[in-house]
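Please look over the chain displayed here before reading on. The report is meant to be read with the sequence and the coordinates side by side.

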Amino acid sequence: MSEAKLKLEVIRVEVPEGTNVIIGQSHFIKSVEDLYETLVTSMPNIKFGLAFCEASGDRLVRYDGNDDELIKLAVDAAKSISAGHTFVIYLKNAWPINVLNAIKSVQEVVTLFCATANPVQVIVAETDQGRALLGVVDGFKPVGVEDEEKRKERIEFLRRIGYKRG
């Protein structure tokens, strides 16, 4: 038996201003159409692009969406990651909070790694068989603990944008 080799790589996923990215894993090519239907019916006026890395058969990056710019971003990110059954969704005119539960309910979805507007780094492992998405670095590490002033700002912010009443 030959010794397996492992290569780790960090891949930066671009998140342009005004967009959010969702990265996950699914197990079947049917995911492309199911995710499209889930997104388009979740929010009025949502704009999105999605791409899916097929892990067998033709092994293509499959894609769909309703915004050419976001489709291109999703395809480019999926090609960079190149890990089997990984999907990438870019959103505009909606927040991840508006679609995450619907995405989680898609039968083929296995897991979600991130849903964010922050800078993203994807940690990928490569073997002689293929690539695996191990996890993501979403944003930056904390620099402290909120004080009363920052706590008050957080509470006021959530009410100002309409996510909490009060």
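What follows is a report on the overall fold, the main pocket and a few individual residues.

## Overall architecture

The model is predicted, and it describes a protein with four helices and eight strands. Taken in order along the sequence, these elements give the pattern β-β-α-β-β-α-β-α-β-β-β-α. The C-alpha trace spans about 60 × 40 × 25 Å along its principal axes.

Of the 166 residues in the protein, 35% count as buried, while the accessible surface comes to about 10,600 Å², with 51% of that area belonging to carbon and sulfur atoms. Among the contacts with a separation of 6 or more, 65% are accounted for by residues 24 or more positions apart in sequence.

## The largest pocket

The largest pocket holds about 350 Å³ of space. It is lined by 15 residues, and those closest to its centre are Ala55, Ser82, Gly84, Gly130 and Arg131. Sorted by class, the lining comprises seven nonpolar, five polar and three charged residues.

## Glutamate 54 and its polar contacts

Glutamate 54 is placed in the loop between strand S3 (47-53) and strand S4 (61-65). With a relative accessibility of 14%, this glutamate counts as buried, because the cut-off for that class is under 20%.

The side chain of glutamate 54 takes part in a polar contact of 3.1 Å with the side chain of arginine 62. A polar atom of the glutamate 54 side chain also lies 3.2 Å from the backbone nitrogen of arginine 59. When residues up to four places away in sequence are left out, glutamate 54 touches Ile29, Arg59, Leu60 and Arg62, so that both of the arginines named above appear in its list of contacts.

## Histidine 85 and threonine 86

Histidine 85 lies in the loop between helix H2 (68-81) and S5, and its phi is near 65 degrees, a positive value in a residue other than glycine. Its relative accessibility of 24% makes histidine 85 partly exposed, because this value falls between the limits of 20% for buried and 50% for exposed.

Threonine 86 belongs to strand S5 (residues 86-92). With a relative accessible area of 1%, threonine 86 is buried, and its contacts, not counting residues up to four places away in sequence, are with Ile23, Gly24, Gln25, Ala51, Phe52, Cys53, Ile81 and Leu133.

## Two exposed residues

Asparagine 45 has its place in the loop between helix H1 (31-42) and S3. Although asparagine 45 is not a glycine, it has a positive phi of about 65 degrees. This asparagine is exposed, because its relative accessible area of 62% is over the 50% cut-off.

Lysine 152 is found in helix H4 (residues 148-160) and is likewise exposed, with a relative accessible area of 52%. Between lysine 152 and lysine 5 there are 51 Å in space, C-alpha to C-alpha, and the two residues are 147 residues apart in sequence.

Methods. Residues numbered from 1 in each chain as written. Predicted model: local features only at pLDDT ≥ 70, side-chain atom pairs only at ≥ 80, totals over all residues. Heavy atoms only, no water. 1 Å grid on protein atoms, 1.4 Å probe; cavity = no way out; pocket = protein on both sides within 12 Å on 5 of 7 lines; lining within 4 Å. Points joined across faces, edges and corners; volume = space filled by probe spheres on them. Nonpolar A, V, L, I, M, F, W, Y, C, P; charged D, E, K, R; others polar. Buried < 20%, exposed > 50% of the residue type's maximum accessible area, 1.4 Å probe, protein only. Polar contact = N/O pair within 3.5 Å; in protein donor to acceptor, adjacent residues only side chain to side chain. Contact = heavy atoms within 4.5 Å. Areas by Shrake-Rupley, 256 points an atom, 1.4 Å probe, with all protein chains shown as cover.
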